[in-house]
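The exercises below ask the reader to work from the sequence and the coordinates towards a reasoned description of selected side chains. Each task is followed by a solution that goes step by step.

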Amino acid sequence: MQRLPILDIVKQSFALPFSRPVEFFKTIGLFVGVGILAVIAAMIVGMASGLSPEVMMTIQERVANGDLSAFAAMIPALLVMVVFIMMAAAYIFNFWVRAGAFGFEHARITPFGSAMSAAFVNGLKFVLIAILLGIVSFVVISILSTLGLTSSFSEQMASALGDDLAAATRAGMLNQIVSLVVGSIIYSLFSANLTQTAMRTDDEGLTHPHTVDFAVVLILIYLVLLVPVTLAGLMGSMLLSTVFNLVLGIFISFAIGVAHGIRYRLCRAEEQQPADTSTE
């Protein structure tokens, strides 16, 4: 079993979205469009459940006073929004996975019902992975705090909610680095399963998914987002930090999908090579 060409995968993952600008901007437009629909749908559900502007003001006041139970009235509307965004994100992810594996000509899943089914399944997986990563991040922060390597979770939350962005960035740097490494490894453990759903086949071609190598690929891709955002935070620029998170975050999400597809293609080629039966 050969090792994955890590740097080549990273380079190709960044280059492929730019090789077809039309597809790049179409997927951005799709996500923005679905996001608008999600807001509209959430507003409709909210009004149907009695969330008038006056009620919303009351909820905001209660939350500001520390009464988080006020969020309960917003759960139906928020769930509708989450479902819309989850489906759109998973559909776009599946598209870029297949683009990385098969090229743009075969990137779309047909028929449309199958595409929606694959998006729904991967969307649910993303939600579960996100919950797991959130738990792991909390545990990592707690361990680092207990060891005295960083401030406590409550102190970091207070810093993040404060006005000093540079101080908040400095306080969370170690946590971000450790969480990135641990999160990439955990995500990589489930990444082959996400690829399988995007490919719509049980014959995944990932008998040896190179989990560790792919985790390194993910870390290198995420660093393209983490480094500029951290520098902007250390400069105290909320505007730059927001722009980097938004623009680079979208690009990184496409690149990760492409990396899934490239790994799939390389693993399939590796498995199709004849076994070496020569003897010394």
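## Exercise 1: Aromatic rings

A search of the whole structure, which is a predicted model, finds twelve aromatic pairs. Describe the geometry of the pair formed by Trp-96 and Phe-104, and place both residues in their ring cluster.

Solution. A pair of aromatic rings is described by the distance of the centres and the angle of the planes. For Trp-96 and Phe-104 the centres lie 5.6 Å apart and the planes stand at 85 degrees to each other. Because planes over 60 degrees apart count as edge-to-face, the pair of Trp-96 and Phe-104 is assigned to that class. Turning to accessibility, Trp-96 and Phe-104 are both buried. In the last step, ring pairs are followed outwards, and they link Trp-96 and Phe-104 with Phe-14, Phe-18, Phe-24, Phe-25, Phe-95, Phe-251 and Phe-254 into a cluster.

## Exercise 2: Salt bridges

Locate the three salt bridges of the structure, and state for each partner whether the residue is buried, partly exposed or exposed.

Solution. Side chains of opposite charge can pair when their charged atoms come close.

1. The side chains of Arg-3 and Asp-213 form a salt bridge with an N to O distance of 2.8 Å. This pair links distant parts of the chain, since Arg-3 belongs to the segment before helix H1 (6-19) while Asp-213 sits in helix H8 (residues 211-234), 210 residues apart. Arg-3 has a relative accessible area of 64% and is therefore exposed, whereas Asp-213, at 7%, counts as buried.

2. Glu-23 and Lys-26 meet through their side chains at 4.0 Å, N to O. Both residues lie in helix H2 (residues 21-48), three residues apart, which is about one turn of the helix. The relative accessible area of Glu-23 is 9%, so this residue is buried, while Lys-26, with 45%, is partly exposed.

3. Glu-23 also forms a salt bridge with Arg-108, where the closest N and O atoms are 3.2 Å apart. Here again distant parts of the chain are linked, because Glu-23 is in helix H2 and Arg-108 is in the loop between helix H4 (75-102) and helix H5 (112-146), 85 residues apart. Arg-108 counts as partly exposed at 38% relative accessibility.

Taken together, Glu-23, Lys-26 and Arg-108 are linked in a network of salt bridges.

## Exercise 3: The surroundings of Ser-184

Is Ser-184 buried or exposed, and which residues does Ser-184 contact beyond its neighbours within four places in sequence?

Solution. Ser-184 is placed in helix H7 (residues 165-199). Its relative accessibility is 3%, and because buried means under 20%, Ser-184 counts as buried. The side chain of Ser-184 reaches the backbone oxygen of Leu-180 at 2.8 Å. With the neighbours within four places in sequence left aside, Ser-184 is in contact with Ser-179, Ala-215, Leu-218, Ile-219 and Tyr-222.

## Exercise 4: A nonpolar surface patch

Which elements give two or more residues to the nonpolar patch, and which of them contributes the largest share?

Solution. The patch, of about 990 Å², is made by Phe-31, Val-32, Ile-36, Leu-37, Val-39, Ile-40, Met-43, Ile-44, Met-47, Phe-84 and Ile-85. Helices H2 and H4 are the elements that give two or more residues to the patch, and the largest share, nine residues, comes from H2. Leu-37 may serve as a check, for this residue is found in helix H2 and, with a relative accessible area of 48%, is partly exposed.

Notes. Residues are numbered from 1 along each chain as its sequence is written. This is a predicted model: local features need pLDDT of at least 70, side-chain atom pairs count only at pLDDT 80 or more; totals for chains, interfaces and linings use all residues. Side-chain values use heavy atoms; hydrogens and water are left out. Helices (H or I, at least four residues) and strands (E, at least two) are DSSP runs, numbered from the N terminus. Buried means under 20% relative accessible area, exposed over 50%, partly exposed in between (1.4 Å probe, protein chains only). A polar contact is a pair of N or O atoms within 3.5 Å; within protein, one must be able to donate a hydrogen and the other to accept it, and residues adjacent in sequence count only if both atoms are side-chain atoms. Contact means heavy atoms within 4.5 Å. Patches are made of residues with over 30% relative accessible area and no salt bridge: like charges are joined within 9 Å, nonpolar side chains (Val, Leu, Ile, Met, Phe, Trp, Tyr) within 5 Å. Accessible areas come from the Shrake-Rupley method with a 1.4 Å probe; for residues, only the protein chains shown count as cover. Rings of Phe, Tyr and Trp (its six-membered ring) pair if their centres lie within 6.5 Å; planes under 30 degrees apart count as stacked, over 60 as edge-to-face and the rest as tilted.
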